[in-house]
Amino acid sequence: MGDYIVLAVSCILINNILLAQYLGNCPFLGTSKKMETAVGMSMAVVFVLVMAGVITWIVDTYVLAQFGLEYLRTISFILVIASLVQFVEMFLKKSIPALYAGLGIFLPLITTNCAVMGACLININEEYTFVQALVSSFSYAVGFGLALILFAGVRERIILARVPKPLQDTSIGLVTAGILSLTFFAFKGMV
Amino acid sequence: MAKSIAQEFAKGLWEEIPPFRLVLGLCPVLAVTKTVENGIGMGLATTFVLIGSNLFVSLLRNSIPAKVRIACFIIIIATFVTVVELLMQAYAYPLFLKLGIFIPLIVVNCIVLGRAEAFAFKNGVVASLADGLGMGIGFTVSLGALGGVREFFGSGTLTFWEKPAFEIANYAPSFQPFGFMVEAPGAFVCLGLMLCLMNLVGSE
């Protein structure tokens, strides 16, 4: 049990997927201008990343590795993720319309979110067991949400500050992300 | 369609240079630019995929139904990424190890999908090839430049093909490498400041 807690903490804080592994930066900058969109995106990522992590682990272990087809990993993972996103979208629309309305446009965007694909590939490269893959997928997703929501909070206040013209918008966003990344950098000594 | 082929090519080099003007595909930009060499290697791999996917998307644009176009684009792109992966394992193995999971992640690089959707699906084969080549070269130059700045300050060297071509320590023995630059926070700050510089130069 202790191992899983260490794994979870290292995935959420130390190897934070956005700020230490540099994955998923397009939605990080794109959806962080408002708190509302940041929360929507984080929820959608938690939802899809856990399912994608589990399914790609099963596909890799029981299909690709069994038949020596590892070179098809890239193409099969992206197909799994794309069809999963499509399926989740249809399922939510039919059965949980309230959640569907909340996640809205963020669901289709997740197909091209490299945090999802990246976390799935890390699970395979690190040779995690099924439970480890489940824990790490969930923790990566929580770390994504944590960083995104923190960043959105900071960014909402930057609007009020007087920023020099060439630094405005994305540029100051990146510098802010750098400072946020520096604070997460401090967790490095924890485990 | 008034633009000439040369203009389609040239817009990728300055007007719409990725990742500065089109803020897309940031993950590899931040992750692999610890050295010039990695940056350029990643840029070239992306260029190959970009040209291949633009070519095939524009060739097949009349037979792909609009409703399932994204799925078709992703399959075309994933095929080219697999080709690059296998080629790099065969001919550039050390670089392949350094770039790690960012090679398979070209599949989800928004620049490649973005150009397929915004350009290749609507334009002819030659224009799409020119667009892919221009965007690819622009991306490679940006990655190389960012990698150069980070490596120069972060480790005090510039490395090409495994050999250090330039070392600050030879000229200034008391130089201390600025380790912040090669770590994650440095990547964000450095890219932000370079974007600021581009805005400053471009606004005149």
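1. A crossing of two helices is right-handed if the near helix is turned clockwise from the far one by less than a right angle, and left-handed if anticlockwise. By that convention, the crossing of α3(A) and α7(A) is right-handed. The model discussed here is predicted.

2. Two packed helices are described by the angle between their axes and the distance between the axes. Helix α3 of chain A covers residues 35-64, and its axis lies 9 Å from that of α7(A), at an angle of about 40°. On the α3(A) side the contact is made by V45(A), V48(A), L49(A), A52(A), G53(A), T56(A), W57(A) and D60(A). On the α7(A) side the residues are A115(A), V116(A), A119(A), C120(A), N123(A) and I124(A). Sorted by class, this contact holds 10 nonpolar, three polar and one charged residues.

3. One residue of that contact, V116(A), also belongs to the largest nonpolar core. This core has 107 residues, and V116(A), M117(A) and I77(B) are the members that touch the most others. Which residues does V116(A) contact, leaving aside its neighbours within four places in sequence? They are V48(A), L49(A), A52(A), I81(A) and I110(A). Among these, V48(A), L49(A) and A52(A) are part of the α3(A) side of the helix contact described above.

4. A second helix pair in chain A is formed by α1 (residues 2-14) and α8 (residues 130-158), whose axes come within 7 Å and cross at roughly 35°. The crossing of α1(A) with α8(A) is right-handed. From α1(A), the residues in contact are Y4(A), L7(A), A8(A), C11(A), I12(A) and L13(A). They meet Q132(A), V135(A), S136(A), S139(A), Y140(A), V142(A), G143(A) and L146(A) of α8(A). The class count for the α1(A) and α8(A) contact is 10 nonpolar, four polar and no charged residues.

5. Chain A as a whole contains nine helices and zero strands, so its elements run α-α-α-α-α-α-α-α-α from the N terminus, and its radius of gyration of 17 Å is close to the 16 Å given by the globule rule for 191 residues, which makes it as compact as a globular protein of that length. The C-alpha trace of chain A spans about 60 × 45 × 30 Å along its principal axes. Of its 191 residues, 42% count as buried. Taking contacts in chain A between residues at least 6 apart in sequence, 78% join residues at least 24 apart.

6. Two loop residues of chain A have an unusual backbone angle. Most residues other than glycine have a negative phi. Y22(A), in the loop between α1 and α2 (25-30) of chain A, has a positive phi near 55°. E127(A), in the loop between α7 (114-125) and α8 of chain A, likewise has phi near 55°, a positive value. Are these residues buried or exposed? Y22(A) counts as buried because it has 25 C-beta neighbours inside 10 Å, and the cut-off for burial is 20 or more. E127(A) has 8 other C-beta atoms within 10 Å and is exposed, because the cut-off for exposure is 12 or fewer.

7. Chain B has eight helices and two strands. Read from the N terminus, its elements run α-α-α-α-α-α-α-β-β-α. The radius of gyration of chain B is 18 Å, which agrees with the value near 17 Å for a compact globule of 204 residues. Its C-alpha trace spans about 65 × 45 × 25 Å along the principal axes. Buried residues make up 48% of chain B. Of the contacts in chain B with a separation of 6 or more, 76% are between residues 24 or more positions apart.

8. G100(B) sits in the loop between α5 (93-99) and α6 of chain B. It counts as partly exposed because it has 14 C-beta neighbours inside 10 Å, which falls between the cut-offs for exposed and buried residues. The C-alpha atom of G100(B) is 9.3 Å from that of V32(B), although 68 residues separate the two along the chain.

9. Where the two chains meet, 35 residues of chain B are in contact with 33 residues of chain A. On the chain B side, the elements giving two or more residues are α2 (26-31), α4 (69-91), α6 (110-120) and α8 (184-202). Of these, α8(B) gives the most, with 12 residues. The chain B side divides into 28 nonpolar, five polar and two charged residues.

Methods: Residues numbered from 1 in each chain as written. Chains lettered and ligands numbered in written order. Predicted model: local features only at pLDDT ≥ 70, side-chain atom pairs only at ≥ 80, totals over all residues. Axes fitted to C-alpha atoms, helices over the stretch in contact; angles between N-to-C directions. Helix = DSSP H or I, 4+ residues; strand = E, 2+ residues; numbered from the N terminus. Contact = placed C-beta atoms within 7 Å. Nonpolar A, V, L, I, M, F, W, Y, C, P; charged D, E, K, R; others polar. Core = buried A, V, L, I, M, F, W, Y, C linked by C-beta atoms within 7 Å. Rg over C-alpha atoms; globule rule 2.2 N^0.38 Å.
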